[in-house]
Amino acid sequence: SAGASGGGVENEVTGTLTVIGSTFSGNSATVSGGGIDNAGTSPNALTVTDSTFALNSAATGGGVSSEGPATFINATIAYNTVTTSGGGGGLSLSGGGNAALYNTIIAQNASGSGQAAQASDIAVSGGGSLAPSSANNLIGVGGSGGLVSGGDTKNLVGVADPGLDTALASNGGLTQTIALLAGSPAIDTGSASIVTVKVPSVDQRGALRGPTPDIGASAASSTY
C-alpha cells in the first residue's frame with residue numbers, strides 16, 4: 001500500500017501498535033515510514049516481535065520511521081530503501097523517537113537505487129535516540145545510531161555480510177521471511193535472557209528457537 005506517512009501502517013499520536021509474526025513488504029510512503037510510521041507517545045507506542053520488513057520505501061525510514069517510543073524484539077529489517085541521503089533505509093528515529101532493539105537485524109538497507117545506491121540502515125536525528133540497553137543486534141554498514149560492537153550488549157555492528165538470503169521466500173509458516181544462510185553471523189549470537197524483555201520461544205514461522213537463539217525474525221532451525 002502507499003501513503004504520505006506509514007505506507008503499511010500509520011500509528012497516530014494516541015495510538016498503541018503491537019506487531020507479532022508479520023511481514024511488511026512492498027509498501028511506500030512519500031514522506032516517512034514505508035512499512036510503519038510511529039507517532040505514538042505512550043511508553044509502549046510500538047512493539048514489534050518476530051516480524052520482517054523488506055522492500056518498503058519512503059523519503060525517510062524506508063522500513064520504519066519512529067517519532068515515539070518503539071521496541072523491536074527478533075525483527076529483521078532488510079532490503080528497504082529511502083530517497084533521502086541519510087534518511088535511514090531501515091530505521092529512522094527523530095522528533096524524540098526512542099527505540100530499543102533486541103536480537104534484531106537491521107542490514108542491507110539503502111539510500112538511492114542502482115549504481116548510485118549507498119548503505120543506509122539506521123538514521124538518528126532531531127532528538128531521536130537508541131536505548132543504551134539495546135543488545136544482541138546485528139547492524140549493517142549503513143549507520144548504527146550510536147550502537148557499537150562488543151561489550152556487555154554483544155551487538156554486532158558494521159557487518160558487511162549478514163548472511164541473509166537475497167529475497168523474501170516461503171520458508172515455512174504463514175508469512176514470507178528472509179532466511180539466514182549457512183555461516184551467517186546472526187546464527188547462535190542472540191540471547192534468550194535479556195532483562196525486562198520477553199524473548200519469543202519460536203520464530204516468525206513458528207519454528208523453535210534454541211537456548212542460544214539466532215538474531216532476527218527467522219531462525220536457521222526448522223524444528224517445530
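This report walks through a parallel sheet, three asparagines in loops, a loop alanine and the largest pocket of a predicted model.

## The parallel sheet

Let us start with the sheet. Five strands form an open sheet with parallel pairing, in the order S3-S7-S11-S15-S20. At its edges stand S3 (17-20) and S20 (129-130); each has a single partner strand, so one side of each is left without a neighbour in the sheet. As general background, strands of a sheet pair through backbone hydrogen bonds, in either a parallel or an antiparallel sense.

Two of the pairings can be followed residue by residue. S3 and S7 are joined by 4 bridges in the parallel sense, and Leu-17 stands opposite Leu-46 of S7. On to the next pair: S7 (residues 46-49) runs parallel to S11 (residues 70-73), again with 4 bridges. Here Val-48 has Phe-72 of S11 as its bridge partner, while Thr-49 stands opposite Ile-73 in S11.

## Two asparagines with positive phi

Now for some backbone geometry. Most residues other than glycine have a negative phi. Asn-74 has a positive value, with phi near 50 degrees, and Asn-136 likewise has a positive phi, near 55 degrees.

Both residues sit in loops that follow strands of the sheet described above. Asn-74 is in the loop between S11 and strand S12 (76-78), and Asn-136 is in the loop between S20 and strand S21 (138-139). Asn-74 has a relative accessible area of 0%, so this residue is buried. Asn-136 is buried too, because its relative accessible area is 8%, and buried means under 20%.

## Asn-27 and its surroundings

A third asparagine is worth a visit. Asn-27 belongs to the loop between strand S4 (23-25) and strand S5 (28-32). Its relative accessibility is 9%, and therefore Asn-27 counts as buried.

What does the side chain of Asn-27 make a polar contact with? The partner is the side chain of Asn-56, at 3.0 Å. Leaving aside residues up to four places away in sequence, Asn-27 touches Ser-1, Gly-7, Gly-8, Gly-34, Leu-55, Asn-56 and Ser-57. Asn-56 thus appears both among the residues touched and as the polar partner.

## Ala-39, ahead of S7

Ala-39 lies in the loop between strand S6 (36-38) and S7. Not counting residues up to four places away in sequence, Ala-39 touches Asn-11, Glu-12, Val-13 and Glu-67.

A C-alpha distance adds to this picture. Ala-39 and Pro-69 are 30 residues apart along the chain, and their C-alpha atoms are separated by 8.4 Å.

## The largest pocket

Finally, a look at the largest pocket, which holds about 200 Å³ of space. Of the 13 residues that line the largest pocket, the closest to its centre are Ala-135, Asn-136, Ser-193, Ile-194 and Val-195. By residue class, the lining divides into 4 nonpolar, 7 polar and 2 charged residues.

Two of these central residues make a good pair to inspect. Asn-136, already met for its positive phi, is buried at 8% relative accessible area. Is Val-195 buried or exposed? Val-195 counts as exposed, because its relative accessibility is 70%, and exposed means over 50%. Val-195 lies in the segment after strand S22 (156-157). Between the C-alpha atoms of Val-195 and Ile-122 the separation is 24 Å, with their positions 73 residues apart along the chain.

Terms used
Residues numbered from 1 in each chain as written. Predicted model: local features only at pLDDT ≥ 70, side-chain atom pairs only at ≥ 80, totals over all residues. Heavy atoms only, no water. Helix = DSSP H or I, 4+ residues; strand = E, 2+ residues; numbered from the N terminus. Buried < 20%, exposed > 50% of the residue type's maximum accessible area, 1.4 Å probe, protein only. Polar contact = N/O pair within 3.5 Å; in protein donor to acceptor, adjacent residues only side chain to side chain. Contact = heavy atoms within 4.5 Å. 1 Å grid on protein atoms, 1.4 Å probe; cavity = no way out; pocket = protein on both sides within 12 Å on 5 of 7 lines; lining within 4 Å. Points joined across faces, edges and corners; volume = space filled by probe spheres on them. Nonpolar A, V, L, I, M, F, W, Y, C, P; charged D, E, K, R; others polar. Pairing = 2+ DSSP bridges.
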